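Visitor: Please take me through one part of this model in detail. I would like to see what surrounds a single residue, and then what lies beyond.

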Amino acid sequence: MPVGTQGTIKGLTTNQLEEIGCQIVLGNTYHLALRPTSELIDELGGLHKFMNWPRALLTDSGGFQMVSLLHLADITEEGVTFQSPVDGKPMLLTPEESIQIQNRIGADIIMALDDVVKTTITGPRIEEAMYRTLRWIDRCIAAHKRPSEQNLFGIVQGGLDPVLRDKCVRGLVHRNLPGYAIGGLAGGEDKDSFWRVVAQCTAALPEDKPRYVMGVGYPLDIVVCSALGADMYDCVYPTRTARFGTALIPEGVLKLKHTAMADDVRPIDPTCNCMVCKNYTRAYIHCLVTKDAMGSQLLSYHNLYYMMKLGRDLHTSIIQGCFPEFVCGFLQKMFPKGDVPEWVCNAMEVAGIDISSCCAPFSSS
C-alpha cells in the first residue's frame, strides 16, 4: 500500500495510481484530522470522494504519529496526550476518538488505536503496552459505528518477546476481527528478531483473514514476510527514496544522482514496462533529480510501479504454485554472487522454501 499521508501520494495523481495497478492506498488519520479535519472530509462525502479515489483505502489510528512525530507524548490508560502542533496546547486521543475520526474519514479498513512501543525498548513497558493494546481494542470495537462498511483491524504488540506476542495474538483472535496487523516492527530491531516475530505471528493468526505487517516496505523484506504468510504492507520508502534520487530495480537500487548517470542513455530498468522506463533515460532523470519536481515524480511513478508489480508477481506465483521459483529468481537478481543475508536464509528455511540454489555456502548478514 503506497502511503498517501495527506490524502495524496506525493507527486502522483489518482489516475496514475490506477494506471500502475494500485488497489489500496493508506491515509494517515493524524494528518487528515489536523488538516483538512475529519469533519470537513465527512461533510464532503468521505475520503474516497474528497481525493477522487474509487478503490480501497486504509487509515491508521493516529497513535504512531503521536509517538514518533511529537514531543511530550504521554500515554495513559485513557489515551495518548500530546502537544497540539497548531497551538501547543495538550490534546488527548482516545481509542473512541480515533475510531470516531476514522468513521468520519470513511476508509474501507480502519486500525485500532494501540499502545506503540519501539522494539528496541525492553523491560516492563513492553508488557504494559501489550495488555493496554488488548484493553483498547475492546474500546475501539464498542466505539465503531460502521462495522458493515469499515473493517476494523487489531494490531499485535509485544515487542520481541514471544510470550507477550503470543498472548496478544490469542487475545485479538478471540475477538474475531476482520483482519490483523503485526505492529511495533521496522523500528530499528535486528533483522533476525524481525523475521522471527513475523513468523510467530503469521503462524498463529487465522489463515482466512488478512495479515498486515505495518511499516514494511523494502522489497526483500516483503518477499521474506510473504514467504512467512503475510499479505499486506505499507511504507513511505518507495516514494521517499525516489525524492532522494534512488530508483528500485531488480538488482537492488540505482542512485540517479551519481555522475555516472549523466550520459547513460539506458532506461532506469530495461526490463520494466512503466511509462518512465519506456520514455526517459537515466541521463534525463539525473539532470532533473532533486533539482526539479518532475524528477521525483518520475522516480516515484517508477518505484511504485516496481512495488505494484512485485506484489502482483508474488500473488501470481502463489496462485500458480511456483512461489519458491519466484523467490529464487528474485534473490538471484539481487544477490548474483550468492551472498544472500543469513537472516533471509534462516527465514526461508522456517517458511519451507528451498533457496539453496541461490545461496553461497557461507552467507553472512
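**A close look at Tyr30**

Guide: Tyr30 is buried, since its relative accessible area is 7% and buried means under 20%. The model is a predicted one. Tyr30 sits in helix H2, residues 29–34. Its ring pairs with the ring of Phe82. The centres are 6.3 Å apart and the planes stand at 75°, so this pair is edge-to-face. Phe82 belongs to strand S4, residues 80–83. The two residues are 52 apart, so the pair links distant parts of the chain. Phe82 is buried too, with a relative accessible area of 5%.

Now turn to Asp60, which touches Tyr30. Other contacts of Asp60 include Gly27, Asn28, Thr29 and Gln102. Asp60 lies in the loop between strand S2 (56–59) and helix H5 (63–69). Asp60 is buried, at a relative accessible area of 10%.

Ser61 is in the loop between S2 and H5 as well. Its relative accessible area is 5%, so Ser61 is buried. Among the residues it touches are Thr29, Gln102, Met111 and Asp114. The side chain of Ser61 also reaches the backbone nitrogen of Gly63, at 3.2 Å.

The UniProt record, an unreviewed entry, lists Asp60 and Ser61 under "binding site". Gly63, Asp114 and Gln157 are also among the residues listed there. Of this set, Gln157 is in the lining of the largest cavity.

Definitions and conventions. Residues numbered from 1 in each chain as written. Predicted model: local features only at pLDDT ≥ 70, side-chain atom pairs only at ≥ 80, totals over all residues. Heavy atoms only, no water. UniProt positions renumbered as here; feature names shortened; annotations may be inferred. 1 Å grid on protein atoms, 1.4 Å probe; cavity = no way out; pocket = protein on both sides within 12 Å on 5 of 7 lines; lining within 4 Å. Helix = DSSP H or I, 4+ residues; strand = E, 2+ residues; numbered from the N terminus. Buried < 20%, exposed > 50% of the residue type's maximum accessible area, 1.4 Å probe, protein only. Contact = heavy atoms within 4.5 Å. Polar contact = N/O pair within 3.5 Å; in protein donor to acceptor, adjacent residues only side chain to side chain. Phe/Tyr/Trp six-rings, centres within 6.5 Å; stacked < 30°, edge-to-face > 60°. Lists of a residue's contacts leave out its neighbours within four places in sequence.
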